[in-house]
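Trainee: Could we go through this one together? I'd like to start with the core and work outwards.

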Amino acid sequence: MVWTNRKAWVFDMDGTLTHAVHDFTAIKRALGLPTDKPILESLQKMAPEEAAPIEKHLADIEYDLAGRAEAAPGSFDFLTRLQAAGCRLGILTRNTRRNALRTLEVCGLKPFFDDDWILGREDRRPKPSPEGIHHLLGAWSHTPDQAVMIGDAIFDLQAGRAAGVLTVYVDPDAAYPHRALADVCVRSPREVEHLWRQAPAAHSTPSA
Ligand SMILES: [Mg+2]
């Protein structure tokens, strides 16, 4: 049973807990970066002095988007139930820590996440590295078979696979182009909650 004893939930933020508003192709164009490569990886290949102003511009674009964040369908209720079930909740985002805090505040989801469990791209190596998941599981004393990585992008699923945790793929269009990396495919947090609540023993401890 995939949901049994899943007590550690690591969430991507943008487009997973929130409505997807980031048009990454448009952002890459605005930054003058190649549109066929991920933003952070393009920046990593540049000299620091060349990358710095672009990183600033990127953070400004993301800060503006954070100010308009809206929770995805079911996010609030799902987090409420996970918290009530004693689950650990963390954020692992390729956005900055500052923008993550702003996004969560704006869409009303900040109360679910302790500051220590919100990891931005400057806190740990960004996804697809599993480093952030390893960090959270270590801090929570949980094992990969107790954990879930949930996200809408290939990086989320790759990070989850590399960490050996259950991967949940959110795609509001239900197209799932990266389904090979996903254990579970859903359209929204509401749908995950539905599956999780239906599973026997998902909410109980092993000894219960
Ligand atoms: Mg995302």
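Trainee: Which residues in the largest nonpolar core touch the most other members?

Mentor: Keep in mind that this is a predicted model. In general, nonpolar side chains tend to be buried together in soluble globular proteins. Here the largest nonpolar core has 30 residues, and the ones touching the most other members are Trp-3, Trp-9, Phe-11, Leu-89, Phe-113 and Val-168.

Trainee: And which elements give two or more residues to this core?

Mentor: Both helices and strands chip in. The helices are H4 (75–84), H5 (97–106) and H8 (189–198). The strands are S1, S2 (88–92), S4, S5 (166–170) and S6 (184–186).

Trainee: What is Phe-113 in contact with, leaving aside its neighbours within four places in sequence?

Mentor: Phe-113 is one of the residues that touch the most other core members. Leave those sequence neighbours out, and its contacts are Phe-11, Leu-17, Leu-79, Leu-89, Gly-90, Ile-91, Leu-104 and Ile-118.

Trainee: How are the strands of the open sheet ordered, and which are the edge strands?

Mentor: The open sheet has 6 strands with parallel pairing, in the order S3-S2-S1-S4-S5-S6. An edge strand pairs on one side only, so look at the two ends of that order: they are S3 (118–119) and S6.

Trainee: What stands opposite Val-170 in S6?

Mentor: S5 and S6 pair in the parallel sense over 3 bridges. Across that pairing, the residue in S6 opposite Val-170 is Val-186.

Trainee: Which residues coordinate the magnesium ion?

Mentor: In sequence, the donor residues are spaced D-x1-D-x137-D. They sit at 2.1 to 2.2 Å from the ion, and they are Asp-12 (OD), Asp-14 (O) and Asp-152 (OD).

Trainee: How many residues apart in sequence are the parts that Asp-12 and Asp-152 tie together?

Mentor: Asp-12 lies in the loop between S1 (8–11) and H1. Asp-152 lies in the loop between S4 (147–151) and H7 (154–163), so the pair ties together parts whose separation in sequence is 140 residues.

Trainee: Is Asp-152 buried, partly exposed or exposed?

Mentor: Buried means under 20% relative accessible area, and exposed means over 50%. Asp-12, at 6%, is buried. Asp-152 has 26%, so that makes it partly exposed.

Trainee: Why do the buried residues of H1 line one face of the helix?

Mentor: The buried residues of H1 (24–31) are Ile-27, Lys-28 and Leu-31. An α-helix has 3.6 residues a turn, so residues three or four places apart point the same way. Seen down the axis of H1, the buried ones line one face because they fall within an arc of 100°.

Definitions and conventions
Residues numbered from 1 in each chain as written. Predicted model: local features only at pLDDT ≥ 70, side-chain atom pairs only at ≥ 80, totals over all residues. Heavy atoms only, no water. Buried < 20%, exposed > 50% of the residue type's maximum accessible area, 1.4 Å probe, protein only. Helix = DSSP H or I, 4+ residues; strand = E, 2+ residues; numbered from the N terminus. Arc of directions from axis to C-beta. Donors = N, O, S within 2.8 Å, 3.2 Å for Na, K, Ca; no water. Core = buried A, V, L, I, M, F, W, Y, C linked by side-chain atoms within 4.5 Å. Contact = heavy atoms within 4.5 Å.
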